[in-house]
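Please look at the structure shown below, and then follow a few questions about the terms used to describe it.

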Amino acid sequence: MKKIQFFLTGALLLFLAGCQKDLPVPADVTNEQEALVQNGSTLDFRAKEYVTKPIKAWVEAITDYSQGGLDCGLPNKAGWMQGNATHLGKLNMLESPWEHGSCEVIFDEYWNPVKILITGSQGHWTGANGDRLEWEGSYESFFDGTFTGDLDIIGGTGKFTGAFGNVKGGGYVDPETGYAVSTAEGWITIPK
């Protein structure tokens, strides 16, 4: 009986060793990832689960005058944000910087200035607990002091690591001081 157990144990080990190169690969794995698995590399296929939630924000832009203005005549290029955002709570102003990229004055067919398009804006919102949402986007600023914004959420830290989403909103900016207030809403997808 011991000889049969020894033989069966050896056969089972030989069988398992022979199957190591034929590991099953999930259907959503790329060819590159499959090649790594077949070559014995270790990959963690436990996918994070994500949940999509609505997000709203009310923010004030505080201008950092030491950064100067934008080439198109706007008095503000960078600063900090304070306010509140869903999933973050009260923003830590000094840890919530923003910066505009470039701008361009848009004219109508009669060469009357219509708006200023601001692109390459970026920054992050940091909650009181230190978790941070990173964003980038663009703004349209009108000569009556109103503006609209379209911001993509591109990651973050803490519970926002791997987050993505989009918020759109608008507000008012004082053209003399650069002080702005705005509201925004949209969606955010974060790990569970």
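Q: What makes the side chains along strand β7 (residues 132-142) alternate between buried and not buried?
A: In a regular strand the side chains alternate between the two faces of the sheet. Along β7, L133, W135, G137, Y139 and S141 point to one face and are buried, a word that requires under 20% relative accessible area with a 1.4 Å probe and protein chains only, while R132, E134, E136, S138, E140 and F142 point to the other face and are not buried.

Q: How do you know how far to trust such statements in this model?
A: The model is predicted, and local features need pLDDT of at least 70, side-chain atom pairs count only at pLDDT 80 or more, and totals for chains, interfaces and linings use all residues. Residues are numbered from 1 along each chain as its sequence is written, and side-chain values use heavy atoms, with hydrogens and water left out.

Q: Why are β7 and strand β8 (residues 146-157) called paired?
A: Pairing asks for at least two bridges found by DSSP, and β7 and β8 have 10 in the antiparallel sense, so they count as paired. Within this pair, W135 stands opposite I153 in β8.

Q: What joins β7 and β8?
A: They form a hairpin with three residues between them, and G145 in the turn has a positive phi of about 100 degrees.

Q: Which strand pairs with β7 over 10 bridges and holds K115, the bridge partner of F142?
A: That strand is β6 (residues 113-126), which pairs with β7 in the antiparallel sense.

How values were computed: Buried means under 20% relative accessible area, exposed over 50%, partly exposed in between (1.4 Å probe, protein chains only). Helices (H or I, at least four residues) and strands (E, at least two) are DSSP runs, numbered from the N terminus.
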